[in-house]
Amino acid sequence: MHKYEIILYWSEEDSAFIAEVPELAGCSSDGETPSEALKNVEVIINEWLETAKSIGREIPQPRGRLKFA
């Protein structure tokens, strides 16, 4: 389990729940249920981090809840 913030919402366009990780550019997944979307995004987070390491990309530290002004 990672400590990155995950935003979970329903998408009418996709007819699915979407789980996005704002701190990891382009990191998101979907699922038929909220639980499935969260399970899927954990896999995607691992893949994102592995890819970033392999290409020497900086990996942001989890900041927790994002604050909007």
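**A chat about the sheet, helix and core**

Biologist: Which residues does Ala-37 touch, leaving out those up to four places away in sequence?

Modeller: With those neighbours left out, Ala-37 touches Leu-8, Phe-17, Ala-19, Ser-29, Asp-30 and Gly-31, and I should say at once that this is a predicted model.

Biologist: And which residues make up the largest nonpolar core?

Modeller: Ala-37 is one of its 11 residues, and the others are Tyr-4, Ala-19, Val-21, Leu-24, Cys-27, Val-41, Ile-45, Trp-48, Leu-49 and Ala-52.

Biologist: Which element gives the largest share of this core?

Modeller: That is helix 1, which supplies 6 residues of the core. As a general point, nonpolar side chains in soluble globular proteins tend to be buried together.

Biologist: How does helix 1 lie relative to the strands?

Modeller: Helix 1 lies across strand 1, strand 2 and strand 3, and its direction is at about 150° to strand 3.

Biologist: OK, the sheet then. In what order do the strands come?

Modeller: The order is 1-2-3 in an open sheet of 3 strands, with antiparallel pairing. Strand 1 and strand 3 are the edge strands, each of them pairing on one side only, and neighbouring strands are turned against each other by 25° on average if direction is ignored.

Biologist: How many bridges are there between strand 1 and strand 2?

Modeller: There are 5 bridges, joining residues 7–11 of strand 1 to residues 16–20 of strand 2 in the antiparallel sense. Within this pairing, Ile-7 stands opposite Glu-20 in strand 2.

Biologist: What about the hairpin, which residue there takes a positive phi?

Modeller: Ser-15 does, with a phi near 50°, in a hairpin that has 4 residues between the strands.

Biologist: Is Ser-11 buried or exposed?

Modeller: Ser-11, which is found in strand 1, counts as buried because its relative accessible area is 10%, and the cut-off for buried is under 20%. Not counting residues up to four places away in sequence, Ser-11 touches Ala-16 and Ile-18.

Biologist: Switching to rings: how many aromatic pairs does a search of the whole structure find?

Modeller: The search finds 1 aromatic pair. The rings are those of Trp-10 and Phe-17, with centres 4.9 Å apart and planes at 65°, so the pair is edge-to-face.

Biologist: Why edge-to-face?

Modeller: Because the planes of Trp-10 and Phe-17 are at 65°, and planes over 60 degrees apart count as edge-to-face. As for accessibility, Trp-10 is partly exposed at 39%, and Phe-17 is also partly exposed, with a relative accessible area of 22%.

Biologist: Last topic, which residue forms a salt bridge with Glu-23?

Modeller: Arg-63 does, the closest N and O atoms being 3.3 Å apart. This pair links distant parts of the chain, 40 residues apart, since Glu-23 is in the loop between strand 2 and strand 3 (28–31) and Arg-63 is in the segment after helix 1 (34–55). The count comes to 1 salt bridge.

Biologist: Is Glu-23 buried or exposed?

Modeller: Glu-23 is buried, with a relative accessible area of 9%, whereas Arg-63 is exposed, with a relative accessible area of 62%.

Definitions and conventions
Residues numbered from 1 in each chain as written. Predicted model: local features only at pLDDT ≥ 70, side-chain atom pairs only at ≥ 80, totals over all residues. Heavy atoms only, no water. Pairing = 2+ DSSP bridges. Helix = DSSP H or I, 4+ residues; strand = E, 2+ residues; numbered from the N terminus. Buried < 20%, exposed > 50% of the residue type's maximum accessible area, 1.4 Å probe, protein only. Contact = heavy atoms within 4.5 Å. Salt bridge = Lys/Arg side-chain N within 4 Å of Asp/Glu carboxyl O. Axes fitted to C-alpha atoms, helices over the stretch in contact; angles between N-to-C directions. Core = buried A, V, L, I, M, F, W, Y, C linked by side-chain atoms within 4.5 Å. Phe/Tyr/Trp six-rings, centres within 6.5 Å; stacked < 30°, edge-to-face > 60°.
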